[in-house]
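Please open the model in your viewer and keep the sequence alongside, so that each selection can be followed in both.

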Amino acid sequence: MSGEEIWSSIEEEYGKSLPPFDNKSGYNSRTGIYHSLVKLDTKYEIPTRPDLNTANFVLSQFPQSDLAEARIAFIDSVNDKSVSYGELRRSIYSLASALFYGLEVRKGDVVFVLSPNSILYSTICLAVLSVGAVLTTANPLNTETEIAKQVHDSGAKLAISVAEEVHKLVPTGVPTILTSRPSDGEMLSVEELIEGCYNSPDLPRVPVAQSDTAAILYSSGTTGVSKGVVLTHGNIISIMRLLSWSADVSASQDDVFLAFIPMFHIYGLVFFGFGLLCVGVTTILMQKFDFQGMLGAIQKHKVNNLPAVPPVILALVKYASKARCDLSSLRRVGSGAAPLSKEVAHEFRKTFPWVELRPGYGLTESCGAATFFVSDKDAKAHLDSCGKLIPTFCAKVIDIETGKPLPPCKEGELWLKSPTIMKGYLGNLEATSTTVDSEGWLRTGDLGYIDENGFVHIVERIKELIKHNGYQVAPAELESVLLSHPLIVDAAVIPVEDEETGQIPMGYVVRAAGSELSEDQVIQFVAGQVAPYKKVRRVNFIDTIPRSAAGKILRKNLVSQSKYQLVSKL
């Protein structure tokens, strides 16, 4: 559904005599709905052709003829292997033919991909989607149990895996092929399938509609059990169109992007796996994140654009100056997947004054993006915001107690509506109905507000708010304070049950090397900067903060650890 279609449906519901929304905040006081203040150029309108699938759309955006052969799509940061847009197109055609005619992969079959970033990743994903099959991806670090659960839950009929992780798939019994040719030659590989069908001129003709399921991506489960997010071809095509628009207003075809964000995650998949291919830029791929490797790749390949996550931005602030790497090529750093504190943002701008820092916000359920800063000027002026609603998006801010929509600057749960919103959770009607209402509004579970100028502010995950003596305390706020301490490298804050007050904030802190920072010093440092009810009451020192592949703090792991430590003491 396009932005215009969403507006039309709202008009039908509320009547044709709607007052215009405020042109500063985007708020309509009658409907309680905020509208995107950013308009799409005609060339970026969401395609409405019902029979368009993700692969055909991406391929239609590739550079043509000789330009496709000359322009590089991906470069492996370790071995410098590269693939041009022309080679990528032929590989997708070849693998799609092999999957369809050789392995008889059919429309609706689920293909499970277990691999780190590689120059084959986009080929695999787009080939799977081109034959109408459904893609599901997983973190190679997942355990056998986690992988078995996803294979079973998704109903996977075929798995594609790197050789190092195949043993985790064996107990599932799912037929498996490798990504790269094995040394012993005992298993079939994607590389062999591509070579065997390399002269395939076209994709197999499979009728696929935008409304058909394209992917089942599993949410990180930071606050509970991971669920399969069902995304349609229409969802992905919509977000790719919006990513093309965002790249057009902030980058050029000559820009070089660095991808360490994992492509099995929504952020990496739609951005690097699909979206940037629609813009024609070059992406340097890292198999996994390594700070020194990242700095080296930026210097070697003159990287301009760095889509990142807050822990990486914090590391750049604290360590990049000591690394003695030339980062002068950087022009733009994006931030997503987790909240970026205004303190870290401020320090980043001081350290790298020539670099634009543009935080954004999105969820797997919204296909990875919902807000964006169109200009660096806006980003500098609104350090605690994650930008404005991107085109085609509408929002509500709902009072948690009353369920009523709230005007600008009032905190409530953020609800979103756009053509990118998921179809639902796989096999979980109850979770779907509690997350997406009958009108298509996605309840994000995030506490936030939209200010009088239309900038979105995310305060905290509602489920993660600490309730102390009736007050609500946001862990992210306390984490920002902790990270401002010169001897604290990383930090996380969790709730700990307390008989008298309900819950108290507890900090997990990673000290700088050689530091003898004490628990009392940390507590006093925070107490001097926040209201009494917000202060940290306990501190544990830890070697590393557990995080998801996308950089989100895994608070549930720390909560379990704190409970175990309490029981051990008893």
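The tour goes from the cysteines to a pair of helices and then to a pair of strands in this predicted model.

Begin by selecting the cysteine sulfurs: a search of the whole structure finds zero disulfides. Centre on C197, which takes part in no disulfide, since its nearest cysteine sulfur, that of C125, lies 19 Å away; C197 itself is partly exposed, with a relative accessible area of 24%. Move next to C367, whose closest cysteine sulfur belongs to C278 at 12 Å, which is too far for a bond, and note that C367 counts as buried, at 0% relative accessibility.

Now select helix α5 (residues 121-130) together with helix α9 (residues 266-274), which pack with their axes 10 Å apart and at an angle of about 95°, so that α5 is roughly perpendicular to α9. To see the contact itself, show the side of α5 formed by Y121, S122, C125, L126 and L129, which meet L269, F272, G273 and F274 in α9. Coloured by residue class, this contact of α5 with α9 divides into seven nonpolar residues, two polar ones and no charged ones.

Finally, select strand β13 (residues 305-308), where N305 and P307 point one way while L306 and A308 point the other way, and all are buried. In a regular strand the side chains alternate between the two faces of the sheet. Add strand β14 (residues 332-335), which runs parallel to β13 and is joined to it by four bridges. Which residue in β14 is the bridge partner of N305? The partner to pick out is R332.

Methods
Residues numbered from 1 in each chain as written. Predicted model: local features only at pLDDT ≥ 70, side-chain atom pairs only at ≥ 80, totals over all residues. Heavy atoms only, no water. Disulfide = S-S within 2.5 Å. Buried < 20%, exposed > 50% of the residue type's maximum accessible area, 1.4 Å probe, protein only. Axes fitted to C-alpha atoms, helices over the stretch in contact; angles between N-to-C directions. Helix = DSSP H or I, 4+ residues; strand = E, 2+ residues; numbered from the N terminus. Parallel < 35°, antiparallel > 145°, perpendicular 65-115°, else oblique. Contact = heavy atoms within 4.5 Å. Nonpolar A, V, L, I, M, F, W, Y, C, P; charged D, E, K, R; others polar. Pairing = 2+ DSSP bridges.
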